[in-house]
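Here's a quick walk through a model you may want to have open in your viewer. We'll begin with the nonpolar interior and work outward from there.

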Amino acid sequence: MMSCVLASIGVLVPFPFYYWLWTYPSIWVSLVGKGRDPAKVMAQVSHLLKLIQFISLYSVSSISWPPPLFFWPLFLFGQFLNFRVYQLLGESGTYYGVRFGKNIPWVTEFPFGYISDPQYVGSIMSLLACLSWVPFQYIFLWVLGYMFMIKTNLIEQFTSQGEYFLSHVYLSSMTHHLVGVSQVQPSPRTFPSRLSSVRSPPSSFNLSLVRKLFCGITPSSFSANFLTLNTENRTKSSFKSKSSMAEVPVGKAKADLQIFDTEEDLSVSLAKYTAELSEKFTKERGAFTVVVSGGSLIKSLRKLVESPYVDSIDWAKWHVFWVDERVVPKDHDDSNYKLAYDGFLSKVPVPPGQVYAINDALSAEGAADDYETCLKQLVKIKVVDLLPASGFPKFDLMLLGMGPDGHVASLFPGHPLVNENKRWVTYIKDSPKPPPERITFTFPVINSAAKIAMVVVGAGKSDVVRRAVGSDTGSDMLPVQMVSPADGATTWFLDKDAASKL
Ligand SMILES: O=C1O[C@H](COP(=O)(O)O)[C@@H](O)[C@H](O)[C@H]1O
């Protein structure tokens, strides 16, 4: 009797540990300490716990040889699955690395994309193979432990990323660009526990390589990821700003117009507006999809990286996209990614895997296709919403700027791209504003957004602001006047200078 109880405890002992790690990864990271890799330490503890499980099973088993015929296919295929998962994801990927703030390369090779939870399936098959040796109840307990963890993982995935975990739809095209890859943060698809002594050589976790793989994200944002996994959202503004507000026609739509005494006031209000939307969408959908433009907008986002927002926003829920990007390397001064990274993203812990930069190794055409493919996958797995009426992606918030000629994104006045109505992302090779090669969201995507902030500062734009604000719907409408979200709302943030000619 006593030995049965001890064997049962031995079989179940790792699961509370895994559950605790899964739920409170940041505690584990701080327990492990700065100089050590939390996934590696978890792997070591897991090996020990696995040994306890084996000894427990062995103590109640009666092993005979040869095993029954069903043993071989179950055991060999189960072990193959475990081996493959480890081979593809490495130690960090297998041992909750992604929970500890690491980016795990996204893989599309078999069994991923074909078998749901291949690590669990492999382990369960291997256990079932041993049914002729081990009394059923112990196998059952062990499988129950797996089921519990599958459920735990699923709950997390549903609350954060819809059907992400279930669907196992992998971002095939975006994920294998070794330089400047942008990809969704993969969820841990594996389980640390496996009935196996078969191991591929551990793939070493190389921080600098991983950083290189993921958009050049710096160690600070790289490691800060885990710290915000469970950040409580306590967005509250302590700022007050001086502004006047009115609803005005812009093109075919209406927009809220907010005019601020100074650009400083504008940036305070923009931060509050963004933080409130972050809280709203994070609550409603478990994620916040934000699209940014380049240009002067980024400077106006500076209050977001200051107190109280830098601490109160749940950055782990952010997914960041670019409404347009110049086809230049990511470290080029013309890169909108670089601009946003230097001025904003490097200062907040948005998980690097949720920052979707373009693939700068491709041509303009290739990069646009690639970005569109990525968006389609993100819509499929419900990270990005879809606007059913239009069939285009519905981002939660677009933070846009406007050029002095009235262009938005890389959609320029008089250019045929302003009429593109099929593509989600397209490219331009003759941009009137340098650099000439760019990719850009199309108007149907921009106008499917839930909320749009149009941020315009400086006297240099006052003429075009005057032209844009009004119900002019003629054929020579400026691109900025074509911003009219079908389902959402636009707020114009203007400083006094930009509004001076209204
Ligand atoms: O080229 C671009 O210009 C616009 C406007 O930039 P701004 O400096 O005049 O605000 C920007 O929104 C877009 O993203 C960028 O690629």
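Within the largest nonpolar core, which has 94 residues, Met398, Leu399, Leu400, Met454 and Val455 touch the most other members. Helix H16 (residues 364-380) chips in the largest share of this core, with seven residues. Apart from it sits another core, this one of 29 residues, including Met42, Ile124, Ala129 and Tyr146. As a general backdrop, nonpolar side chains in soluble globular proteins tend to be buried together.

Keep in mind that this is a predicted model.

Which residues does Val455 touch, leaving out those up to four places away in sequence? They are Leu270, Leu297, Ser300, Leu399, Leu400, Gly401 and Phe493. Two of these names, Leu297 and Gly401, come back in the list of residues around the ligand.

Zooming out for a moment, the chain carries 18 helices and twelve strands. Of its 502 residues, 50% count as buried. Take the contacts between residues at least 6 apart in sequence, and 80% of them join residues at least 24 apart.

Now for the ligand. Around it you'll find Ser293, Gly294, Gly295, Ser296, Leu297, Asp324, Asn336, Gly401, Gly403, Ala409, Ser410 and Lys433. Sorted by class, that shell has eight polar residues, two nonpolar ones and two charged ones.

Asn336 from that shell is also one of the buried residues of helix H15, along with Tyr337, Lys338, Leu339, Ala340 and Tyr341. Why call H15 (residues 336-343) largely enclosed by the rest of the structure? Because six of its eight residues are buried. What those buried residues pack against is a mix of helix and strand: strand E3 (288-292), helix H13 (297-300), strand E4 (318-322) and strand E5 (324-326).

Finally, there's a record to compare with. The unreviewed UniProt entry has a "binding site" annotation covering Leu76, Phe77 and Gly78. Leu76 is found in helix H5 (residues 71-94), and Phe77 lies in H5 too. Here's how the burial counts come out for Leu76 and Phe77:

| Residue | Other C-beta atoms within 10 Å | Status |
|---|---|---|
| Leu76 | 13 within 10 Å | partly exposed |
| Phe77 | 15 within 10 Å | partly exposed |

A residue needs 20 or more such neighbors to be buried and 12 or fewer to be exposed, so Leu76, with 13, is partly exposed, and so is Phe77, with 15.

Methods. Residues numbered from 1 in each chain as written. Predicted model: local features only at pLDDT ≥ 70, side-chain atom pairs only at ≥ 80, totals over all residues. Helix = DSSP H or I, 4+ residues; strand = E, 2+ residues; numbered from the N terminus. Contact = placed C-beta atoms within 7 Å. Near = placed C-beta within 6 Å. Nonpolar A, V, L, I, M, F, W, Y, C, P; charged D, E, K, R; others polar. UniProt positions renumbered as here; feature names shortened; annotations may be inferred. Core = buried A, V, L, I, M, F, W, Y, C linked by C-beta atoms within 7 Å.
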